[in-house]
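Let's work through a few short exercises together, each with a step-by-step solution. Have the structure open beside you as you go.

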Amino acid sequence: TCGMRVLGIESSCDETGVAVVEAAPHGVPRLLGAALHSQVAMHQDYGGVVPELASRDHIRRVLPLTEAALAQAGLTLSDIDGIAYTRGPGLAGALLVGAGVACAMSAALGVPTLGVHHLEGHVLSPFLSADPPAFPFVALLVSGGHTQLMRVEGVGRYTLLGETIDDAAGEAFDKSAKVLGLGYPGGPALARLAEQGDATAFALPRPLLHSGDLDFSFAGLKTAVLTQARKLGAGLAARQADLAASTQAAIVDVLVHKAVAALRATGLRRLVVAGGVGANRALRQRLDQACVRHGWRVHYPEPALCTDNGAMIALAAAMRWQVGAWPPGGDGLAFDVLP
Ligand code: KG4
Ligand code: ZN
């Protein structure tokens, strides 16, 4: 065939995602079907992801989700030309589930596999939106595990411009949410609460705001939120929304400031925002405003593709195939993961 239908499997952390993407030799690949299961409820009682439980649940979910994604696409396994899986970064046991299943299917079907970098999936995910970007662009990648600014020239052509030296932006949301008693992962809950609060109520630090480079630091902010919460004591309940809003404003301020600095420094005129925190409304509003002011374009993934999913993994593999970076043999059976 002259096209490529890719089945993608994501299992790096606490979502099992499977999707089918179809690529012609040129042009943006199309999403044909997708299925996702989030383990968030299962891990909630523990205040974080329990790796062993995550691995076991990926095993339970991955085949039913594969059937669901294929059914949605109106396809069967025999229509698949290649299988992509997340090679890393992530939890070793969780990654091994997706990698093992992908390589077993590949051996059974006689099609190649490709191990995909999870962050490449996030960065390319806006290509599945109604308004896909064009290369080159600056990518702001903000997830639970990473906060990076990248210069993206094309598929596989990424230059790191700056990154967090401690916590990730999503981690700052989640840890602050925990301090506020909002459960885990508290990022979305903190964002919801922040809508009702006064963002100027508490003066929280904006670490590295004027550092002159494109690096980030969020550990000090989390500590400041904790200190503020302790100071409020029993009064915290009444000020919860204000503290949430002030926390969100501090994180968003730094992200917007550094994204603007990256666009200025590179001279590029397009920004792509990806990763779970990219779903944050306050961040989107501020980035939209900044980009309108400078005449830059900003692209986001579809809301459902901001957090972890199989579609971005299938897409990254399909785009690699389009540029000849998915050799016919693929990875063979000697699969590995890079936690
Ligand atoms: O990309 P992702 O699904 O997983 C990783 O690869 O880490 O990102 C998850 C992170 C979590 O920290 C979560 O709290 C955060 O994204 N997040 C949000 C929002 N939605 C998800 N943070 C702030 N506001 C949101 N609306
Ligand atoms: Zn992710």
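**Exercise 1.** Work out whether His118 is buried or exposed.

*Solution.* Start with the criterion: a residue is buried if 20 or more other C-beta atoms lie within 10 Å of its own, exposed if 12 or fewer, and partly exposed in between, with C-beta atoms placed from the backbone. Next, count: His118 has 25 other C-beta atoms within 10 Å, so His118 is buried.

A note before we go on: this is a predicted model, in which local features need pLDDT of at least 70, side-chain atom pairs count only at pLDDT 80 or more, and totals for chains, interfaces and linings use all residues. Residues are numbered from 1 along each chain as its sequence is written, while chains are lettered from A and ligands numbered from 1 in the order in which they are written.

**Exercise 2.** Find which residues UniProt lists with His118 under "binding site", and how they sit in space.

*Solution.* First, the record: the unreviewed UniProt entry lists His118, His122 and Asp308 (positions in the numbering used here, feature names shortened, annotations possibly inferred rather than shown by experiment). Then the geometry: they are spread over 191 residues of sequence, yet cluster in space, with a largest C-alpha distance of 8.7 Å.

Now the surroundings. His118 lies in helix 4, and helix 4 is also the place of His122; helices (H or I, at least four residues) and strands (E, at least two) are DSSP runs, numbered from the N terminus. Two residues are in contact if their C-beta atoms, placed from the backbone, lie within 7 Å. Leaving aside neighbours within four places in sequence, His118 is in contact with Ser12, Thr86, Gly88, Pro89 and Gly90. On the same terms, the contacts of His122 are Leu141, Ser143, Ala274, Gly275 and Met312. His122 counts as buried because it has 30 C-beta neighbours inside 10 Å.

**Exercise 3.** Describe where domain 1 touches domain 2.

*Solution.* Begin with the bounds, which come from an automatic or database domain assignment: domain 1 is 4-125 + 306-322 and domain 2 is 135-300. Their centres, taken over C-alpha atoms, are separated by 27 Å. Next, 13 residues of domain 1 are in contact with 19 residues of domain 2. On the domain 1 side, helix 1 (40-44), helix 4 (118-124) and helix 10 (311-322) each give two or more residues. Finally, helix 4 supplies the largest share of that side, three residues.
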